[in-house]
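Let's take a walk through this complex together, with the viewer open beside the text. We will begin where the chains meet, move on to the ligand, and finish with a few details of the backbone and the charged side chains.

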Amino acid sequence: MREIAIHINPEYKPRVMSQSYVIVGDGIAGASAAETLREEEPDADITIITDEGEPLYNRILIKEFAKGKLPAAPISIHEESWYDDRDIDLVLNTLVTNIDPEGHTVTAHDGTEYEYDKLLLAIGGTPTQLPVENSDAEGIHHFWTFQDARDIKEHIEQADNSVVIGAGLLGIDLAAITAAQDVEGKYLMRGKAWWRYALSQDGAEIIHNALRERNVEPVFDSGVDHFEMDDDGVVTAAIDPNGDRYPADFVGIAIGLNFNTEIVEGTDIECDTGIHVDEYMRTNHDDIFAAGDITEFHDVILGERAQNGAWGSAKEQGTIAAKNMVDYGSEEFRWVSSYSITHFDFPFLSFGHPTLGDDSVEAKYSDTEWRRLAIKDGKIVGGVLIGDLSPQTKYKKLMREQVDVSGQLDTLVKQDFQLEDLEGAAAEQ
Amino acid sequence: MCYHMSSKDGRPAPATEFKASPAVVPITDVPPGARVRHFDELSDRTQHALATAAPSGRLDIDPATTRLSRGDVVVFTEYVRIQ
Ligand SMILES: Cc1cc2nc3c(=O)[nH]c(=O)nc-3n(C[C@H](O)[C@H](O)[C@H](O)COP(=O)(O)OP(=O)(O)OC[C@H]3O[C@@H](n4cnc5c(N)ncnc54)[C@H](O)[C@@H]3O)c2cc1C
């Protein structure tokens, strides 16, 4: 019998097959994840699938385009060559309709199947439709994509009068667009104040006045019962629940987001309003992660599940998700989100979770300067600053470090508040 | 041509080229080719510097650490250009 000598090289390491990563969504969360994955894993296969017809653009600048202040070119963030240069497969105009966590595949609307070792869902949300009569009339706009912004710009430039519905951060963008385009407008709100869950009447009044100066009239205790339209199906007016009629040939609606959870609903991936992830952005499936607006994440600062809807947070979650897809547990998401309004001649910034809390403190310093902090269990969980943003970093630090500020709330809202003003343990932070 | 690549991509020139602290000047028209940033894209430190800019427009920020580059436009309560 012939003998065969087998030489085993002690240096030999079995070749690890390169990982394949599939990302659904090419918003800021998906795109920043792709960039980080490529940095961390030069040989991995990376595919990014989006139902939009264009690669990543700056969603938080499209309002400036619709206002007519910013040209289209600077809104683009990535050209297709950006993906080619990094050997990332970009699949445009493709809606993922199904996920098979056991089979490690996702399926697109055209039946194409994509296999993955690790999957990232960075699928954001879709504006909520108003469930009232004629809400699908022509001339009624929602606002999420660059294409929406193009349609809004084209229409508002020819409009005579407008109605905006939705007293929140996106609604005010629509109101600012009508103002910038010199179209007289009515801004219909429930209750007596803009963003009433985060601002008191005093704070909201600063915003109301700024809107009025720009020919946008806030209408309180209002809303929409139904729309009227002409024979061509074009909107002509909004009728509010009090029966008041507001003529409008342009209508903008921003009453909230429905998070795009449909594709996980047939699976056992845990979700509620968003997809549940831990502080490493991992779902209850080891190989499936989520990032950006779509996540209900474990907020290590708040100590409970939370959801953010801000650009900086989505970008950071994409980066953190990617790091943990490569090496789970390597970095947690610890972040105080913030969101500003730049439409007026005074600045406005909200941070953390200003609508939460069991207590709050506020102060008004002038007609355009006001502050409110939301407190939970003696700690800052969020706030809104109007007029003077300089204390932002101090408040965020106190929030990030979970400093107990109970008993010192008045000190916190002194106009020139310094961290050294705090007494006891809080001061030592 | 992409006008909006991060400084990591090699252009426009990185902020470290600043010899002194950067300053901002208000503008009404965005120059062609300028990279445009929304205030919310900036770090807390750069936001703070911008929100508390001296009347001269000078930013109290270490030029070596800001990711803003000369010529960038920032959308804040007005459009400002970094110089
Ligand atoms: C008009 C407007 C103004 C805003 N202003 C500000 C601001 O000033 N400051 C701020 O911080 N934030 C602002 N935001 C919020 C901010 O833009 C979002 O928080 C952020 O863009 C979320 O990023 P994301 O990647 O998580 O989700 P998205 O940007 O929503 O991206 C998700 C992507 O996934 C795609 N997708 C979804 N489902 C599928 C599927 N099944 N198959 C394929 N693709 C899919 C979507 O089409 C989309 O392209 C604003 C948002 C809007 C719309």
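Which residue of chain B forms a salt bridge with Lys396(A), and how far apart are the closest N and O atoms? The partner is Asp44(B), and the closest N and O atoms of the pair are 2.9 Å apart. Keep in mind as you look at such distances that this is a predicted model. The pair with Lys396(A) belongs to a short list, since the count between chain B and chain A is two salt bridges.

Now widen the view to the whole interface. On one side, 23 residues of chain B take part, and they are in contact with 33 residues of chain A. General practice offers a handy yardstick here: the size of an interface is often given as the accessible area lost when the parts come together. For chain B and chain A the buried area is about 2,300 Å², and carbon and sulfur atoms give 56% of it. Polar contacts appear as well, with six residue pairs counted between chain B and chain A, both residues being at pLDDT 80 or more. On the side of chain B that touches chain A, the elements giving two or more residues are β2 (36-38) and α1 (44-51) of chain B. The largest share of that side, four residues, comes from α1(B). Sorted by class, the side of chain B that touches chain A holds 12 nonpolar, six polar and five charged residues.

Next, find the ligand, which lies between chains A and B. There are 35 residues around the ligand, and those that come nearest are Asp51(A), Glu52(A), Arg59(A), Lys63(A) and Asp40(B). Two of these names return when we look at individual atoms. Glu52(A) places a polar side-chain atom 2.5 Å from an oxygen atom of the ligand, while an N or O atom in the side chain of Arg59(A) is 2.7 Å from a ligand oxygen. The backbone joins in too: a polar backbone atom of Ala29(A) is 3.0 Å from an oxygen atom of the ligand.

How much of the ligand's accessible area does the protein cover? On its own the ligand has 1,000 Å² of accessible area, and the protein covers 97% of this. The elements that give two or more residues to the shell around the ligand are α1 (28-40), α5 (169-180), α8 (311-326) and β22 (338-341) of chain A. Of these, β22(A) provides the largest share, three residues. By class, the shell comprises 17 nonpolar, 11 polar and seven charged residues.

One of the residues that come nearest to the ligand, Lys63(A), also has a charged partner within the protein. Asp173(A) forms a salt bridge with Lys63(A), their closest N and O atoms being 3.2 Å apart. Asp173(A) sits in helix α5 of chain A and Lys63(A) in helix α2 (residues 62-66) of chain A, so the pair ties together parts that are 110 residues apart in sequence. Over all chains, the count comes to 22 salt bridges.

Finally, two loops deserve a look at their backbone angles. Asn93(A) lies in the loop between β3 (88-91) and β4 (96-100) of chain A, and its phi is near 55°, a positive value in a residue other than glycine. Asp182(A), in the loop between α5 and β11 (184-188) of chain A, has a positive phi of about 60° although it is not a glycine.

Methods:
Residues numbered from 1 in each chain as written. Chains lettered and ligands numbered in written order. Predicted model: local features only at pLDDT ≥ 70, side-chain atom pairs only at ≥ 80, totals over all residues. Heavy atoms only, no water. Contact = heavy atoms within 4.5 Å. Buried area = accessible area lost by both parts, 1.4 Å probe. Salt bridge = Lys/Arg side-chain N within 4 Å of Asp/Glu carboxyl O. Polar contact = N/O pair within 3.5 Å; in protein donor to acceptor, adjacent residues only side chain to side chain. Nonpolar A, V, L, I, M, F, W, Y, C, P; charged D, E, K, R; others polar. Near = heavy atom within 4 Å. Areas by Shrake-Rupley, 256 points an atom, 1.4 Å probe, with all protein chains shown as cover.
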